[in-house]
Amino acid sequence: MSVPKYYEFFPDFMEFLSDGKEHAMQEVRDYLAGMFNLSDEDMSFTTQNGGSLFFNRVDWAKLYLKKAGLIANPELAVVVITPFGKKVLDDKTEFTLDFVKDLMIKNGEYPTN
């Protein structure tokens, strides 16, 4: 396998936060790595800058979900689902890239040109 694209993490990221509790990003990363059955080799892939590709993509997923208003960062390296995120999750909405981008645009958090 290889490291999923950042947007492929959206559904499982949101599902993990569905309990409404604050979670350390390390917990989120551990959960996602397990959900996608990532091997040690997958986890060793790096970006051009030498950072972890997996960490990079999970951080991009977090950024998009946050800018869409679905999650919040109550403190450094901690995330929690927002009431809006919980409602969207409860409505069984599919967390596609287009859906999240549309929310970001509505929030003025995504460039449209």
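1. Let me start with Ala68, in the loop that runs between helix 4 (53-67) and strand 2. This is a predicted model, so take what follows in that light. Ala68 counts as buried because its relative accessible area is 2%, against a cut-off of under 20%. Leaving out residues up to four places away in sequence, Ala68 touches Phe84, Val100, Leu103, Met104 and Asn107. For a sense of distance, its C-alpha atom is separated by 23 Å from that of Asp30, and the two residues are 38 apart along the chain.

2. Thr82 is another loop residue to look at, found between strand 3 and helix 5 (83-90). Buried or exposed, with a relative accessible area of 15%? Thr82 is buried, because 15% falls under the 20% limit. Once neighbours within four places in sequence are set aside, the contacts of Thr82 are Gly69, Leu70, Ile71 and Ala72.

3. Now the overall layout. The protein has 6 helices and 3 strands, and going along the sequence you read α-β-α-α-α-β-β-α-α.

4. The strands form an open sheet in the order 1-3-2, with antiparallel pairing. Strand 1 and strand 2 stand at the edges with a single partner strand each, so each has one side left without a neighbour in the sheet.

5. Take the pairing of strand 1 (residues 23-24) with strand 3: the two run antiparallel and are joined by 2 bridges. Which residue of strand 3 is the bridge partner of His23? That is Val79. Ala24, for its part, stands opposite Val78.

6. On to strand 2 (residues 71-75), which pairs with strand 3 in the antiparallel sense over 3 bridges. Here Glu75 stands opposite Val78. So Val78 turns up in both pairings, opposite Ala24 of strand 1 and opposite Glu75 of strand 2, by the pairing criterion of at least two bridges between strands.

7. The hairpin of strand 2 and strand 3 deserves a look at its turn. There are 2 residues between the strands, and Ala77 takes a positive phi near 65°.

8. What about the side chains of strand 3 (residues 78-81)? Val78 and Val80 point one way, Val79 and Ile81 point the other way, and all are buried. If you have the model open, His23 and its partner Val79 are a handy place to start.

9. As for overall dimensions, the radius of gyration is 14 Å, which agrees with the value near 13 Å for a compact globule of 113 residues. The C-alpha trace spans about 35 × 35 × 25 Å along its principal axes.

10. Of the 113 residues, 39% are buried. Looking at contacts between residues at least 6 apart in sequence, 63% join residues at least 24 apart. The contacts Ala68 makes with Val100, Leu103, Met104 and Asn107 are worth displaying alongside that figure.

11. Last, the surface and the charges. The accessible surface comes to about 6600 Å², and carbon and sulfur atoms account for 50% of that. There are 12 positive and 18 negative charges, and their mean positions are 6 Å apart.

Notes: Residues numbered from 1 in each chain as written. Predicted model: local features only at pLDDT ≥ 70, side-chain atom pairs only at ≥ 80, totals over all residues. Heavy atoms only, no water. Helix = DSSP H or I, 4+ residues; strand = E, 2+ residues; numbered from the N terminus. Rg over C-alpha atoms; globule rule 2.2 N^0.38 Å. Buried < 20%, exposed > 50% of the residue type's maximum accessible area, 1.4 Å probe, protein only. Contact = heavy atoms within 4.5 Å. Areas by Shrake-Rupley, 256 points an atom, 1.4 Å probe, with all protein chains shown as cover. Lys, Arg positive; Asp, Glu negative; His and termini not counted. Charge placed at Lys NZ, Arg CZ, Asp CG, Glu CD.
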